[in-house]
Amino acid sequence: MKGSLIVVSAPSGAGKTTLCNAIVKDFDRIAFSVSYTTRRPREGEIEGVDYYFVDEKRFREMIQREEFAEWAMVHGNLYGTAKKTLNDLMERNIDVLLDIDVQGAKQIKALYPEAVLVFIMPPSFEELKERLFRRGAENLDLRLKRAFEEMREYSFYDYVIINDSLEKAISDLKSIIISERLRSKRFDPEFIDRFYPIV
Ligand code: ADP
Ligand code: 5GP
């Protein structure tokens, strides 16, 4: 049985990291896809845990060798998901959470049509501004403008979650993952064989 791909996108500050961390903490058989990026590590970020930090030359070589399932330029840096990262986890029946932007989500859906796409919305513009401000985000105005553009792409996604009450939003995301795990195509056919009457 293979694991599923769960793509989660959101405008910066909507609460995607908070939600995804809650899922990985509470569920078994689920892991983050660790992306490659040319951006510099932020304080506290760990190589191989937060990202694989590479230079542009290495990133471009990986593009040439078609090693990426998707890649995109986001805020002036290159980000990409390696096919190997996804396939290694899925082969081990582990569901994969991909925290990627809208451009990447579209490429994943084209390559893996069975991927589940979830968009996280903030409850309001004022609340988004407040959360970004509290988090001390850099380039506040730019992030807010980009948030508006990204939110217009919601209809491309299979599900939309409004992250107002955190508890409710976590429960919504869990429901999506549970439903995905209960799909008949993920059911083990050997279960039926065990019912074969022994005569
Ligand atoms: P993102 O990963 O989408 O940029 P974060 O998960 O870092 O967003 O959340 C941005 C800020 O908003 C953080 O300070 C986080 O604690 C806070 N936050 C997240 N969800 C909620 C919520 N439902 N209600 C209030 N604050 C929230
Ligand atoms: P940050 O630099 O703040 O970690 O991430 C910036 C943006 O890049 C976020 O919107 C995040 O979802 C997106 N991102 C991170 N990894 C990838 C990736 O592998 N592919 C794509 N397309 N976007 C990514």
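In the predicted model, a polar side-chain atom of Lys-16 is placed 3.0 Å from an oxygen atom of ligand 2. Arg-39 also approaches this ligand through its side chain, one N or O atom of which is 2.6 Å from a ligand oxygen. Gly-80 contributes through its backbone instead, with an N or O atom 3.4 Å from an oxygen atom of ligand 2. The accessible area of ligand 2 on its own is 510 Å², and the protein covers 88% of it.

The shell around ligand 2 consists of 15 residues, of which Ser-35, Arg-39, Tyr-51, Glu-70 and Tyr-79 come nearest. Arg-39 therefore appears both in this nearest group and in a polar contact at 2.6 Å, given that a polar contact is a pair of N or O atoms within 3.5 Å. By class, the shell divides into six charged, five nonpolar and four polar residues. The space that ligand 2 takes is the largest pocket. Two elements give two or more residues each to the shell of ligand 2, namely strand E5, spanning 68-74, and strand E6, spanning 77-82.

For ligand 1, polar contacts involve both backbone and side-chain atoms of the protein. A polar backbone atom of Gly-15 is 3.0 Å from an oxygen atom of ligand 1. Nitrogen atoms of the ligand are also engaged: a polar side-chain atom of Arg-131 lies 3.3 Å from a nitrogen atom of ligand 1, and a backbone N or O atom of Asp-164 lies 3.0 Å from a nitrogen atom of ligand 1. Taken alone, ligand 1 exposes 570 Å², of which the protein buries 77%.

Around ligand 1 there are 14 residues, and those that come nearest are Gly-13, Thr-17, Thr-18, Arg-135 and Asn-163. Six residues of this shell are polar, five are charged and three are nonpolar. The space occupied by ligand 1 is the largest pocket, as was stated for the space of ligand 2. Helix H1 and helix H5 (125-135) are the elements that supply two or more residues to the shell around ligand 1.

Charged pairs within the protein were also counted. Side chains of opposite charge can pair when their charged atoms come close. The count for the model comes to 21 salt bridges. One salt bridge joins the side chains of Asp-26 and Lys-174, with an N to O distance of 2.8 Å. Asp-26 belongs to helix H1 (residues 16-26) and Lys-174 to helix H7 (residues 166-181), so this pair ties together parts that are 148 residues apart in sequence. Helix H1 thus holds one partner of this salt bridge and also gives two or more residues to the shell around ligand 1.

Technical notes
Residues numbered from 1 in each chain as written. Chains lettered and ligands numbered in written order. Predicted model: local features only at pLDDT ≥ 70, side-chain atom pairs only at ≥ 80, totals over all residues. Heavy atoms only, no water. Near = heavy atom within 4 Å. Polar contact = N/O pair within 3.5 Å; in protein donor to acceptor, adjacent residues only side chain to side chain. Areas by Shrake-Rupley, 256 points an atom, 1.4 Å probe, with all protein chains shown as cover. 1 Å grid on protein atoms, 1.4 Å probe; cavity = no way out; pocket = protein on both sides within 12 Å on 5 of 7 lines; lining within 4 Å. Sits in = over half its atoms within 2 Å of the grid points. Helix = DSSP H or I, 4+ residues; strand = E, 2+ residues; numbered from the N terminus. Nonpolar A, V, L, I, M, F, W, Y, C, P; charged D, E, K, R; others polar. Salt bridge = Lys/Arg side-chain N within 4 Å of Asp/Glu carboxyl O.
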